[in-house]
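Subject: Structure for you to look at

Hello,

Here is the structure I promised to pass on. Please open it alongside this note; my findings follow below.

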Amino acid sequence: MNFTVTSRGDNVSNALQQRIKTYLVEFGLTYDEKEPEIVITVGGDGTLLHAFHTYKHRLEESSFVGIHTGHLGFYADWMPGEVEKLVIHIAKTPFQIVEYPLLEVVIRHYGDNKSERLLALNECTVKSPEESLVCNVEIKGEKFETFRGDGLCISTPSGSTAYNKALGGAILHPSLASIQLAEMASINNRVYRTVGSPLVLPQHHTCLLKPQNDVNLQITVDHFSWVHQKVKSIQCRVAEEKIKFARFRPFPFWKRVKESFIGD
């Protein structure tokens, strides 16, 4: 089996990265950064997010597993003291595959026939660095509302515990193939009126954002951010692709939520 190991870059993570690589090679596995069947990340959720975007072209062939060298994450579930145990599992034990839904973002511009398609593991946010964002929100091809405010956040179920939660969005279980639209400080008056609550859209329901004022847009996809000009529309829906996690033991989602936000 081919594998690769990525690190957050600090001394502790780098040392663990080298140990894992040495152990797995001794077990007869092949280190392959280009075509890994399993991607091991050492650091935290941010490290796994980075690895996801590095290998998003191999989602059918690659599975991910994370070791956290900081706080317990929603994607990284193994601790540094369990490295030997994890290595033996990877080398000797057939692992279970758990799939999480992803967000597809398609950006279209005026005067350009080409579109840009992106995938997000956590969320996409849309803001204007210049003034309030004004855009029509269409759901399944029909206008739902005209939004005016600081911005909008479209998240995956696994990303619902991140920025979405800070905006008052619901926490969704990753087994639900859905996306969630949450508002950032919407303005409600006679002209602009929004529902004022996060919206959860199921698979095959498309959300289309159409900017109504001629401003540059700052669009983020996970930890990447770009400023776009003359945006015609931003289309969001559940992606056909999914991310695969290698599970060697139970990793209950609600237990992670409790440990992260409530504690013992």
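**Aromatic residues around helix α5**

F261 is partly exposed, with 39% relative accessible area. Before going on, please note that this is a predicted model.

F261 pairs with F74. The geometry is tilted: the ring centres are 6.0 Å apart, with 35 degrees between the planes. F74 sits in the loop between β4 (63-68) and β5 (76-78), while F261 belongs to helix α5, so the pair ties together parts 187 residues apart in sequence. F74 is buried, at 10% relative accessible area.

A second pair joins F253 and W254. This one is edge-to-face, 5.0 Å centre to centre and 70 degrees between the planes. F253 counts as buried, at 5% relative accessibility. W254 is partly exposed, at 48%. F74, F253, W254 and F261 make up one aromatic cluster. In total, the structure holds eight aromatic pairs.

**Helix α5 itself**

Which residues of α5 (residues 253-261) are buried? They are F253, R256 and V257. Viewed down the helix axis, they fall within an arc of 100 degrees, so they line one face of α5. An α-helix has 3.6 residues a turn, so residues three or four places apart point the same way. The cover over the buried residues of α5 includes β6 (96-109). After the helix comes G263, with a positive phi near 90 degrees.

**Nonpolar cores**

The largest nonpolar core has 28 residues. Those with the most contacts inside it are L103, V105, V137, L209, L217 and I234. Another core, of 18 residues, lies apart from it. Among its members are I20, L29, I67 and W78. In soluble globular proteins, nonpolar side chains tend to be buried together.

L103 deserves a look in your viewer. Neighbours within four places in sequence aside, L103 is in contact with L118, L119, A120, E123, C124, I154, T156, I179, C236, R237 and A239.

**Strands β11 and β12**

β11 (residues 178-186) and β12 pair in the antiparallel sense, over four bridges. L181 has L199 of β12 as its bridge partner.

How do the side chains run along β12 (residues 199-202)? They alternate. L199 and L201 point to one face and are buried. V200 and P202 point to the other face and are not buried. In a regular strand the side chains alternate between the two faces of the sheet.

**Cysteines**

How many disulfides does a search of the whole structure find? Zero.

C135 is in no disulfide. The nearest cysteine sulfur to that of C135 belongs to C207, 8.3 Å away. C135 counts as buried, at 1% relative accessibility.

Why is C153 not bonded to C124? The C124 sulfur is the closest cysteine sulfur to that of C153, but at 8.0 Å it is too far for a bond. The cut-off for a disulfide is 2.5 Å between the sulfur atoms. C153 is buried, with a relative accessible area of 0%. C124 also appears above, among the contacts of L103.

**Where to start**

I would open with the aromatic cluster of F74, F253, W254 and F261. Then turn to L103 and its contacts. Finish on β12 and its alternating side chains.

Best wishes

Definitions and conventions: Residues are numbered from 1 along each chain as its sequence is written. This is a predicted model: local features need pLDDT of at least 70, side-chain atom pairs count only at pLDDT 80 or more; totals for chains, interfaces and linings use all residues. Side-chain values use heavy atoms; hydrogens and water are left out. A nonpolar core is a set of buried Ala, Val, Leu, Ile, Met, Phe, Trp, Tyr and Cys residues joined through side-chain atoms within 4.5 Å. Buried means under 20% relative accessible area, exposed over 50%, partly exposed in between (1.4 Å probe, protein chains only). Contact means heavy atoms within 4.5 Å. Helices (H or I, at least four residues) and strands (E, at least two) are DSSP runs, numbered from the N terminus. Two strands pair if DSSP finds at least two bridges between them. The arc is that of the directions from the helix axis to the C-beta atoms. Rings of Phe, Tyr and Trp (its six-membered ring) pair if their centres lie within 6.5 Å; planes under 30 degrees apart count as stacked, over 60 as edge-to-face and the rest as tilted.
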